[in-house]
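Me: Hi! I'm new to reading protein structures, and I'd like a close look at one of them.

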Amino acid sequence: MEARKLSTHILDTSVGKAAANVRITVSRLDEIQEWRSLRAAQTDADGRCLLLEPGQFPSGIYKLTFHVGAYYAERRVRTLYPAIDLIVDCSENQNYHIPLLLNPFGYSTYRGT
């Protein structure tokens with residue numbers, strides 16, 4: 001296992017602010033091609049979240065599920081996406097930062113630093 005980490009942050013582009021208190025679950029694709037849930041986390045006031053720390057993050061395919069429906073419901077905003085799944089190949093020996101740019105009817109993501 002390498003000393004690397006997996007992190008994210010969420011920006012709600014509809015209001016130009018970080019999305020705080022969004023629940024995120026992390027799963028890993030196992031050797032029989034089934035998703036194994038690893039942990040749940042939540043974004044902080046700045047919309048950031050450390051998902052997996054060094055020692056918890058072997059190479060593999062991961063699924064990040066952003067539970068944004070509750071975030072929008074709390075704000076009384078209708079959204080098309082109650083949850084967003086991002087599947088990423090984390091096979092290189094390096095840190096992975098996967099930001100989510102979010103609005104009620106669309107989203108984008110990229111490989112951050």
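What percentage of the 113 residues in the protein chain is buried?

Reply: Buried residues make up 42% of the 113 in the protein chain, where buried means under 20% relative accessible area with a 1.4 Å probe and only protein chains counted. Please keep in mind that this is a predicted model, in which local features need pLDDT of at least 70, side-chain atom pairs count only at pLDDT 80 or more, and totals for chains, interfaces and linings use all residues. Residues are numbered from 1 along each chain as its sequence is written, and side-chain values use heavy atoms, leaving out hydrogens and water.

Now for the fold around those buried residues. The chain has 1 helix and 10 strands; these are DSSP runs, helices being H or I with at least four residues and strands E with at least two, numbered from the N terminus. In sequence order the pattern is β-β-β-β-β-β-α-β-β-β-β. The radius of gyration, taken over C-alpha atoms, is 14 Å, close to the 13 Å that the globule rule gives for 113 residues, so the chain is as compact as a globular protein of that length. That rule is 2.2 Å times the number of residues to the power 0.38. Along its principal axes, the C-alpha trace spans about 40 × 30 × 20 Å.

Contacts (heavy atoms within 4.5 Å) fit into this picture too: among those with a separation of 6 or more, 61% join residues 24 or more positions apart. As for the outside, the chain exposes about 6,400 Å², with carbon and sulfur atoms supplying 48% of it; this area comes from the Shrake-Rupley method with a 1.4 Å probe.

Definitions and conventions: Buried means under 20% relative accessible area, exposed over 50%, partly exposed in between (1.4 Å probe, protein chains only).
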